[in-house]
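Me: I've got a structure open and would like to talk it through with you. Can we go over it in a few quick rounds?

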Amino acid sequence: MISIRNLSKQYGNLVVLKDVTIDINKGEIISVIGPSGTGKSTLLRCINLLEIPDDGQIFIDGIPLLSKRTNVPKIRQRMGMVFQSFNLYDHLNVLENLCLGPVKLLRKTKMQAEARAYELLQLVGLTEKAYSLPEELSGGQKQRVGIARCMSMDPEILLFDEPTSALDPTMVSEVLAVIRRLSREGMTMMIVTHEMEFARSISNRVLYMDEGSIYEEGPPEQIFEHPQRGKTKAFIHRIRSLDFHITSPSYDIYAIQAKISTFCEKHLVPPKVSHYTQLLAEEMLLLISDHSDVKISLSYSERDHSLRFVFDIAGSEMDLLKEEPGDEDIGLKLILAMCSRTEQTYQDNRNRLTLVIKSAGPGPEVRQ
Ligand code: ADP
Ligand code: MG
């Protein structure tokens, strides 16, 4: 359906896209992941001709987009682009936002446009908001209107540029649910996202971009479970784990907890589990007596949605978790209640404690 050949783009001396070649087939859902600044947005903007590539070709159903004779506005209507920042008209209500394009550009009658707008509002769950102004909506609702507005132009493909990254974490899932619904209806989509679990479950193909090129591409199982190339492996490892190194007793527990919270949000870990993970970090650090060299690593497995905490502590052998906690060991009891599995080893003068956090949170015996 869309064929991109050797696309290149430069801003001044900065090479942003290098020889990018992709084929997008009808009905495909392609996620684009990779570090920031590697040209993901530029790629989408070039496909949509918001930027003009310096070199290469883009074909839609065989029509060359970059040819002077091509009717660009008409072609562009076949592609909808959903931005991070919603881009709604603030002075128009939701219904008017959805009808403007179809009436002006698709020459639909007001009645036809409104009928379709109501269908789309139903699809995104916002029929009640038809007469609201954008300022009366939450971020998640605005983005759902943004998606409906794109759909109102009857596009053949939707391009999403980090559709949830401007949203409050509580609103991410409502927008992802709408995109998921469109995917089930067979919409062709290309999605730039940092939501890895989402990318993994929705796409049939994942492109990993690095420094302006498609460095690795494959089915989500390959990219997320068995990446083949070095940079992909490093990226996947990095986004899945969070590391701290504590070197003194004056560590900043609030900063650590804030990072855990952000990490959990990014991986769509339920707030309750995130909360217990933060509590666990605090209790574990209280239990450890020597803080001169403690390495902590939190990692998330998308396979079974488990969070694993590893504490690697320098010093002589300790028995932190094995003993039966007495009545006074409230901290330890709390820790054990929050874990589904614990393991303790000692090697090379380091104690290593591995804790797997209960995915449903601790049992009723734990009270705040
Ligand atoms: P990503 O979406 O992967 O984070 P972008 O496509 O936004 O990356 O940007 C890639 C690089 O191009 C960045 O270094 C960015 O600063 C630069 N860039 C993007 N747009 C412009 C522009 N209009 N002018 C100059 N440089 C730009
Ligand atoms: Mg971007």
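What follows is a set of questions and answers on this predicted model.

Me: Let's start with the overall picture. How many helices and strands are there in the chain?
Reply: The C-alpha trace spans about 75 × 45 × 35 Å along its principal axes. Of the 368 residues, 51% count as buried. As for secondary structure, the chain has 12 helices and 15 strands.

Me: And the contacts with a separation of 6 or more: what share comes from residues 24 or more positions apart?
Reply: Take the contacts in the chain with a separation of 6 or more, and look at those between residues 24 or more positions apart. Their share is 64%.

Me: What part of the accessible surface belongs to carbon and sulfur atoms?
Reply: The chain's accessible surface comes to about 17,900 Å². The part that belongs to carbon and sulfur atoms is 49%.

Me: On to the ligand. Which element gives the most residues to the shell around ligand 1?
Reply: The residues surrounding ligand 1 include Tyr 11, Pro 35, Gly 37 and Ser 41. By class, the shell holds 4 nonpolar, 6 polar and 1 charged residues. Strand E2 (14-24) and helix H1 (40-47) each supply at least two of them. The top contributor, with 3 residues, is H1.

Me: Which side chain has an N or O atom 2.5 Å from an oxygen atom of ligand 1?
Reply: A polar backbone atom of Gly 39 sits 3.0 Å from a ligand oxygen. For the side chain of Lys 40, an N or O atom is 2.8 Å from an oxygen of ligand 1. The side chain with the 2.5 Å distance belongs to Thr 42.

Me: With those polar contacts in mind, how much of ligand 1 does the protein bury?
Reply: Gly 39 makes its polar contact through the backbone, while Thr 42 uses its side chain. Taken alone, ligand 1 exposes 560 Å², and the buried part of that is 59%.

Me: Now the cysteines. Why is Cys 264 not bonded to Cys 339?
Reply: A disulfide is a covalent bond between the sulfur atoms of two cysteines. The cut-off for calling one is 2.5 Å between the sulfurs. Cys 339 holds the closest cysteine sulfur to that of Cys 264, but it's too far for a bond, because the distance is 14 Å.

Me: So how many disulfides does a search of the whole structure find?
Reply: Cys 264 is buried, with 0% relative accessibility. Cys 339 is buried too, at 7%. The number of disulfides found in the whole structure is 0.

Me: Is Ser 274 buried or exposed?
Reply: Ser 274 lies in helix H11, residues 271-287. Leaving aside neighbours within four places in sequence, Ser 274 is in contact with Ser 261, Cys 264 and Val 269. Its relative accessibility is 8%, and the cut-off is under 20%, so Ser 274 counts as buried.

Me: Last residue: which backbone oxygen lies 2.6 Å from a polar side-chain atom of Ser 152?
Reply: Ser 152 is placed in helix H5, residues 139-152, and is buried at 2% relative accessible area. Beyond neighbours within four places in sequence, its contacts include Leu 98, Pro 102 and Leu 120. The backbone oxygen at 2.6 Å from its side chain is that of Arg 149.

Me: How far apart in space are Ser 152 and Leu 321?
Reply: In sequence, the two are 169 residues apart. In space, C-alpha to C-alpha, the distance is 59 Å.

Methods. Residues numbered from 1 in each chain as written. Chains lettered and ligands numbered in written order. Predicted model: local features only at pLDDT ≥ 70, side-chain atom pairs only at ≥ 80, totals over all residues. Heavy atoms only, no water. Buried < 20%, exposed > 50% of the residue type's maximum accessible area, 1.4 Å probe, protein only. Helix = DSSP H or I, 4+ residues; strand = E, 2+ residues; numbered from the N terminus. Contact = heavy atoms within 4.5 Å. Near = heavy atom within 4 Å. Polar contact = N/O pair within 3.5 Å; in protein donor to acceptor, adjacent residues only side chain to side chain. Areas by Shrake-Rupley, 256 points an atom, 1.4 Å probe, with all protein chains shown as cover. Nonpolar A, V, L, I, M, F, W, Y, C, P; charged D, E, K, R; others polar.
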